Amino acid sequence: MENLIKEDVEKGFPGGSLLVKKKGKEIYRETYGYQQKYEKKQLLSHPSKLKNKTLFDLASNTKMYATNFALQKLVTEGELNLLSPLSFYFPSFKENVRIIDLLQHTAGFPADFPYYHREKAGDLYSRDRLTTIEHILKTPLSYEPLTQHLYSDLDYMMLGALVEKLTCQKLDLFVEKEIFQKLGLTRTLFNPLRKGYARSDCAATERMGNTRDGFIHFPNVRTHTLQGEVHDEKAFYSMDGVSGHAGLFSTIDELSFLVEIVHHNGSYGTKQLFSESTAKTFVTPSQQNPSYGLGWRLNNGDMKYMFGEHASTSAFGHTGWTGTLTIIDPVHELTVVLLTNKKHSPLKDPLKSLNLFEGDEFKTGQYGPLVTEVYKSLL
């Protein structure tokens, strides 16, 4: 596994941090490559190296470490019933959708919606957080609820808004003060550049803002190299950097602690965040598609792209678009965390895809091959 990452970095992969834990003990933690190789399209003559304390944009792992943690805490404390209808908390929403449906991605919402893009969003255009939440509730459903599973950022944007409704606090303030800081963590947070951290503390992502190397344009689009700002367009432009689906930053050091909370069903040592029964509820397979838990993806069905060849069927985890991966395998008592900045690379072929970067094509960036090597080296 070590040689695989090293070889990828030598061939051009930007960089990453890999953590492997067995029975709660770290057996491997190493960082490779660079936190910034490019300034826009210019390859730097002296790129800065990644460190264990480098902050990564977790992208959709935000859903697990911020939103799911908050929801599990609220369920444990009796503040939230997962079977409650969304309309109980947001009366303007008229569809028959429950909180659990959002968590299982069966609520009917489309996978994505460009609220930040005036021409594409039309009447649902918004660059204000509260307005965006109102507009999500007005977004037409793309299928009848409970008839299919469609992984959707909108589900978790609403779940983040639900946390705010229940706690009367903005999502970042709640999870940072009531969860992360109480666990002794100071580098797991939203909007790090506003909270004392510098660009040089963070791993860079896209080279030219949200332009895909200059092939995408919309009013006020970022064109600078992203470093310390959430990459996700909805989170940045429409949610001020704080959303239930994206925006959280963390380090390999601090995730080493957070995955133990998950691995131990809500507690670690004297720290307890949520109950064991709640933790097990969140990794219960959906009856319709057993690869979906509550937010977590489960190793059932065709999931080798993420879990590799040897993970048990009890393994669960999540990925993030920027190049982040969490896998927890209770049977093998194994935890794997991979943080990369694979999008900090040129587009593979902009005429074919504006979402495929060169970093995605390396084995490290594909997740499954690296996870397979981890298991092969340990089992």
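This passage walks through a sheet, two packed helices and a few single residues of one structure. The structure is a predicted model, in which local features need pLDDT of at least 70, side-chain atom pairs count only at pLDDT 80 or more, and totals for chains, interfaces and linings use all residues. Residues are numbered from 1 along each chain as its sequence is written, and side-chain values use heavy atoms, with hydrogens and water left out.

A good place to start is the sheet. Helices (H or I, at least four residues) and strands (E, at least two) are DSSP runs, numbered from the N terminus, and two strands pair if DSSP finds at least two bridges between them. In general, strands of a sheet pair through backbone hydrogen bonds, either parallel or antiparallel. Here, 7 strands in the order 3-2-1-12-11-10-9 make up an open sheet with antiparallel pairing. Its edge strands, each pairing on one side only, are strand 3 (42–49) and strand 9.

At one edge, strand 3 is joined to strand 2 by 4 bridges, and the two run antiparallel. Within this pair, Tyr38 stands opposite Leu43 in strand 3. Strands 2 and 3 form a hairpin with 2 residues between them, and Lys40 in the turn has a positive phi of about 55°. Burial is judged by relative accessible area: buried means under 20%, exposed over 50%, and partly exposed in between (1.4 Å probe, protein chains only). Strand 3 lies largely in the open, because the number buried among its 8 residues is 0.

Strand 10 (residues 316–320), by contrast, is mostly covered, with 4 of its 5 residues buried. Strand 10 pairs with strand 9 (residues 297–298) in the antiparallel sense over 2 bridges, and Arg297 stands opposite Gly317 in strand 10. With strand 11 (residues 324–329), strand 10 shares 5 bridges, again running antiparallel. Facing partners here include Thr319, opposite Leu325 in strand 11, and Phe316, opposite Ile328 in strand 11. Strands 10 and 11 also form a hairpin, with 3 residues between them and a positive phi of about 120° at Gly323 in the turn.

A helix meets this sheet too. Contact means heavy atoms within 4.5 Å, while axes are lines fitted to C-alpha atoms, for helices over the stretch in contact, with angles from 0 to 180 degrees between N-to-C directions. Helix 10 (residues 252–263) lies across strands 1, 2, 10, 11 and 12, running at about 145° to strand 12. Ser256 has its place in helix 10 and counts as buried because its relative accessibility is 6%. Not counting residues up to four places away in sequence, Ser256 touches Leu19, Lys21 and Glu26.

Elsewhere, two helices pack together. The axes of helix 2 (residues 62–76) and helix 7 (residues 153–167) come within 10 Å and cross at roughly 45°. The two helices are therefore oblique to each other (under 35 degrees counts as roughly parallel, over 145 as roughly antiparallel, 65 to 115 as roughly perpendicular and the rest as oblique). Among the residues that meet are Met64, Leu71 and Leu74 in helix 2 and Tyr156, Leu159 and Leu166 in helix 7. Val75 also lies in helix 2. Leaving aside residues up to four places away in sequence, Val75 touches Leu80, Leu82 and Thr278.
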